[in-house]
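Good morning, colleagues. Please look at the sequence and the model on the screen before I begin.

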Amino acid sequence: MAKYLTFDVYGTLLDEAPLYETVAQIGKSIGVNPQTAKQRFMTYQASRDNMHPYLDYTVLLRNNLIHLDYTFNLEHKFEEHFIDVLQAHRELKPFPEVVPTLKELRSRGYQLILMSNSSWDIITANAKALVVPTDIWLAEDVHAYKPDLHFFKAVADHYGFTADNHWHIAEGYPSDIVPVHAMKSPSIWVNRINAKQLQFNRPMK
């Protein structure tokens, strides 16, 4: 029987801290509070209100920088660093345990699948950093951002996921664990705030 593991990418496999630090350093260079700039960037990026109707992830990034300009009463100061932010996103690296774990899982016969609210002009570089071959499904492919169930159903239907052949692994609780639970599928929550904690969820049948 085929065995499948699907993964959220950012925050689960790849460390986003350097991306947020890039935004903070841009803020510092143009004379605004770097921590405030970083926090506002993170808040905007996480809000599903900014993703509907569907728009490309790179457009979302640029809109985020435009929004920072607006909130700090600036004209194109953050936005002119769009390429820098885009490159920082492409250069994200895996958490230390990720690559060895993916290699071990693949050696045990699991098919590994990435599910990300990203776009192809970013994820290609990110996938190379993970080293291990995976399938990739993006918001760009299905024109829906997680936690939209359309994303999860599209992937589940393609592979024929069941409660016995598939687990979803993610750091994002509202974006990933909640919708997977709604589909009555098993999941593993990677709680990186408390790095030693994993929560296994197998919904009642």
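I shall speak about one helix, the strands, the core, the largest pocket and some backbone features.

This is a predicted model, in which local features need pLDDT of at least 70 and side-chain atom pairs count only at pLDDT 80 or more, while totals for chains, interfaces and linings use all residues. Residues are numbered from 1 along each chain as its sequence is written, and side-chain values use heavy atoms, with hydrogens and water left out.

Let me start with helix H3, residues 57-71. Helices (H or I, at least four residues) and strands (E, at least two) are DSSP runs, numbered from the N terminus. The end C-alpha atoms of H3 are 21 Å apart, which agrees with the 21 Å expected for 15 residues at 1.5 Å a residue; the expected span is 1.5 Å times one less than the number of residues.

Which residues of H3 are buried? They are Tyr57, Thr58, Leu60, Leu61, Asn64, Leu65, Leu68 and Asp69. Buried means under 20% relative accessible area, exposed over 50%, and partly exposed in between, with a 1.4 Å probe and protein chains only. These buried residues pack against helices H1 (17-29), H2 (34-46), H4 (82-90) and H6 (120-130).

I turn to the strands, where pairing requires that DSSP finds at least two bridges between them. Strand E1 (residues 3-7) has 4 of its 5 residues buried. E1 pairs in the parallel sense with E2 (residues 110-116) over 5 bridges, and likewise in the parallel sense with E4 (residues 166-170) over 4 bridges. Tyr4 has Gln111 of E2 as its bridge partner, and Leu5 has Trp167 of E4.

Next, the core. Phe41 touches, among others, Leu19, Leu61, Leu68 and Val85, not counting residues up to four places away in sequence; contact means heavy atoms within 4.5 Å.

Finally, the backbone. Where are the cis peptide bonds that I wish to show? One joins His52 and Pro53, with omega about -5°, and Pro53 is in the loop between H2 and H3. Another runs from Lys146 to Pro147, with omega near 15°.

Asn73, in the loop between H3 and H4, has a positive phi of about 60° although it is not a glycine. At 70% relative accessibility, Asn73 counts as exposed. Lys184 also has a positive phi, near 60°, and is exposed, with a relative accessible area of 58%.The largest pocket I leave for the discussion.
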